[in-house]
Amino acid sequence: MVLHLHNTGSGRREAFRPIDPAQVRMYVCGPTVYDHPHIGNARPAVVFDVLYRLLKTLYPKVTYVRNFTDVDDKINARAREEGVPIAELTRRMTQIYLDDMSQLNVLRPDVEPRATAHVAEMIALIERLIGNGHAYAADGHVLFHVPSWADYGRFARRSTDELMAGARVEVAPYKRDAMDFVLWKPSDAKTPGWDSPWGRGRPGWHIECSAMAKQYLGATFDIHGGGQDLIFPHHQNEVAQSVCAHDGAPLANYWVHNGFVIVEGEKMSKSLGNFFTMHDLLAEFPGEAIRLALLQTHYRQPLDFTKEGLRQAKRILDRWYRLVGDDLRTDDVPSEVQAALEDDLNTPKAISEMHKIADARHLEGIVNHGSPLGGYMLGRMSKQDLVKPMTSPGRRLRAAANSIGLLTLRESQWFGREQSDSLVLTDSVAIEVFRWVEDPRNIEKRINERNEARRAQNFKLADEIRDELATYGIVLEDGPKGTTWRRAG
RNA sequence: GGCGCGGUGGGAGAGUGGCUAUCCAGCAGCCUGCAAAGCUGUGGACGCCGGUUCGAAUCCGGCCCGCGCCUCCA
């Protein structure tokens, strides 16, 4: 099995062939840091994180670049509203984004360039485009001249005629052609700006990605990713700028775009107000549950987001954690899981394979003490599993889940049985109770008292103790091996 | 209007021309002081109409519906 990806550039599923197998290079459009990230921002971060992890298993070196857009008119507007300096707003939102993504087990890319640190490169790129006749300065602006490039529109599968027909904004007088788009625009005294050959100004939206991709990955690299809504105009314009600036060299060989998160059939977006911020969701659900919910839908499909979906994801992880326990060791990634991922990142299929592995985990003890034959006979295992030396299914499950960034904790961590060291309490009324509950020793002591009561057939007292703990969010489970507990949530 | 995506059982969600997807929920049992967890079994689907085929949810044609992009947006 070779990695296959659906390439937006061709509209087809293609075998992935890197330019240089010794170093795979990927660029993903990152967030504009002006607000808290929402679940729709998290989706590409998680999707391309899975791709990044997968590429790392296949190639010795992967260079993953994801930018921060920290110069943008939305940022300017927000900073004005809040009355804070722009740099402070972008610094704060960048940190929040990184913190939220980290809770989703999103690995840090190798390079996370900020647009404002690359203005010189953008200016150089713009000068090149002016020099070779693809851009022109007018009235303090610099514009890319769309008719100068015959292939414009091909990437997004739009003819320039259609684009003309669809143009309904009034055309700025300094534009030579209605489709021309801004590379550089003037800034007034109150707006962030940089000195340039065209006066003090700031970059247009698309040029930063062209400049940063070139700097860190070269004129042509392997994979360019982002959300579907970026195909036009953002990526089309990136392609135009980069190709024209680099003597016709293609920008990226494979374009990968994730689908939207939708709520009740409609696209989740700030303008509709139907979005969930990561901040709110993470207060209610573990990051891994959110990550699993995002990966249960194939990345190119629209993802219908609901809290019920999150609750289901949480339950799945509860069960899996019960199976893998506190043993963090893993095996090789099971072949069926790896194959699903290599098939255009089919994470829902990979997850269904994990369910099958989880089933086999039970059979290990139940059917015939670890012989894989029983599992095979019951149809729970593939023939491939049968010929492989049988190792612990718990480790196989952990390996499988780890490959997409799940099941990274110990069971006792997941269920909150370990002492929390990060708890900061300020409410003086509740603080005693919280302190008591936070210490697992107190809970275990109470469980022992309950079990004594149970032995004495005093079920009334036993149930009282269980109810008492339940009010603190502690769930007890009497199993064959004794009583275990976990924190609900 | 142009371009693109999608319509699968109560819900979520994969997929191959013929072989149980998977998970949740449901139902019937087992286990259990009770509960939870776990285990076993089980019903239920492929938007509509044609066509190709021995056989199509899967291929082709038409239709209906939903969504997205074309303007800042992951």
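# A walk through the predicted model

Strands E14 and E15 form a hairpin, with two residues making the connection between them. The model is a predicted one. In this hairpin, E14 covers residues 474–479 and E15 covers residues 482–487; the two strands run antiparallel and are joined by six bridges. One of the facing pairs can be located by residue: aspartate 478 has threonine 483 in E15 as its bridge partner.

A second antiparallel arrangement is found in an open sheet of four strands, whose order is E5-E6-E7-E8. Strand E5 (135–138) and strand E8 (201–203) are at the edges of this sheet, and each has a single partner strand, so one side of each is left without a neighbour in the sheet. On average, and with direction ignored, neighbouring strands here are turned by 20° against each other. Within the sheet, strand E6 (residues 141–144) and strand E7 (residues 181–186) pair in the antiparallel sense, with three bridges between them. Phenylalanine 144 stands opposite another phenylalanine, residue 181 in E7. As a general point, the side chains of a regular strand alternate between the two faces of the sheet.

Parallel pairing appears around strand E9. Strand E3 (residues 24–28) pairs with E9 in the parallel sense over three bridges, and tyrosine 27 stands opposite histidine 224 in E9. E9 also pairs with strand E10 (residues 252–258), again in the parallel sense, over six bridges. Here phenylalanine 221 has alanine 252 in E10 as its bridge partner. How buried is E9? Seven of its seven residues are buried, so E9 is largely enclosed by the rest of the structure. A residue counts as buried when its relative accessible area is under 20%.

The path from E9 to E10 passes through a helix. E9, helix H7 (residues 231–245) and E10 together make a right-handed β-α-β unit. Helix H7 contains proline 233, and the peptide bond that leads from phenylalanine 232 to proline 233 is cis, with omega near 0°. The loop between H7 and E10 holds aspartate 247. This aspartate has a positive phi of about 55°, although it is not a glycine. Aspartate 247 counts as exposed because its relative accessibility is 69%, and the cut-off for exposed is over 50%.

Leucine 345 also has a positive phi, near 55°, in a residue other than glycine. Leucine 345 is found in the loop between helix H11 (335–342) and helix H12 (347–366). Is leucine 345 buried or exposed? Its relative accessible area is 3%, so leucine 345 is buried.

Leucine 345 leads on to the empty space in the model. Rolling a probe the size of a water molecule over the atoms shows where such space is left. A search of the whole structure finds three cavities of 30 Å³ or more. The second largest cavity has a volume of about 40 Å³. Its lining is made up of Val47, Val50, Leu294, Leu295, Thr297, Tyr299, Leu345 and Thr347. Helix H1 and helix H9 (287–295) each supply at least two residues of this lining. By class, the lining has six nonpolar and two polar residues, and no charged ones.

The largest pocket has a volume of about 960 Å³. Which residues lie nearest its centre? They are Thr32, His38, Asn41, Asp229 and Leu230, out of 42 residues that line the pocket. Several elements give two or more residues to this lining: helix H1 (39–58), strand E4 (62–66), helix H3 (86–103), helix H6 (207–217) and strand E9 (221–227). H1 provides the largest share, six residues. By class, the lining of the largest pocket has 18 nonpolar, 15 polar and nine charged residues.

Two elements link the parts of this account. Helix H1 contributes to the lining of the largest pocket and also to that of the second largest cavity. Strand E9 gives two or more residues to the lining of the largest pocket, pairs with E3 and with E10, and belongs to the right-handed β-α-β unit.

Conventions
Residues numbered from 1 in each chain as written. Chains lettered and ligands numbered in written order. Predicted model: local features only at pLDDT ≥ 70, side-chain atom pairs only at ≥ 80, totals over all residues. Heavy atoms only, no water. 1 Å grid on protein atoms, 1.4 Å probe; cavity = no way out; pocket = protein on both sides within 12 Å on 5 of 7 lines; lining within 4 Å. Points joined across faces, edges and corners; volume = space filled by probe spheres on them. Nonpolar A, V, L, I, M, F, W, Y, C, P; charged D, E, K, R; others polar. Buried < 20%, exposed > 50% of the residue type's maximum accessible area, 1.4 Å probe, protein only. Pairing = 2+ DSSP bridges. Right-handed = clockwise from strand over helix to strand, strands pointing away. Axes fitted to C-alpha atoms, helices over the stretch in contact; angles between N-to-C directions.
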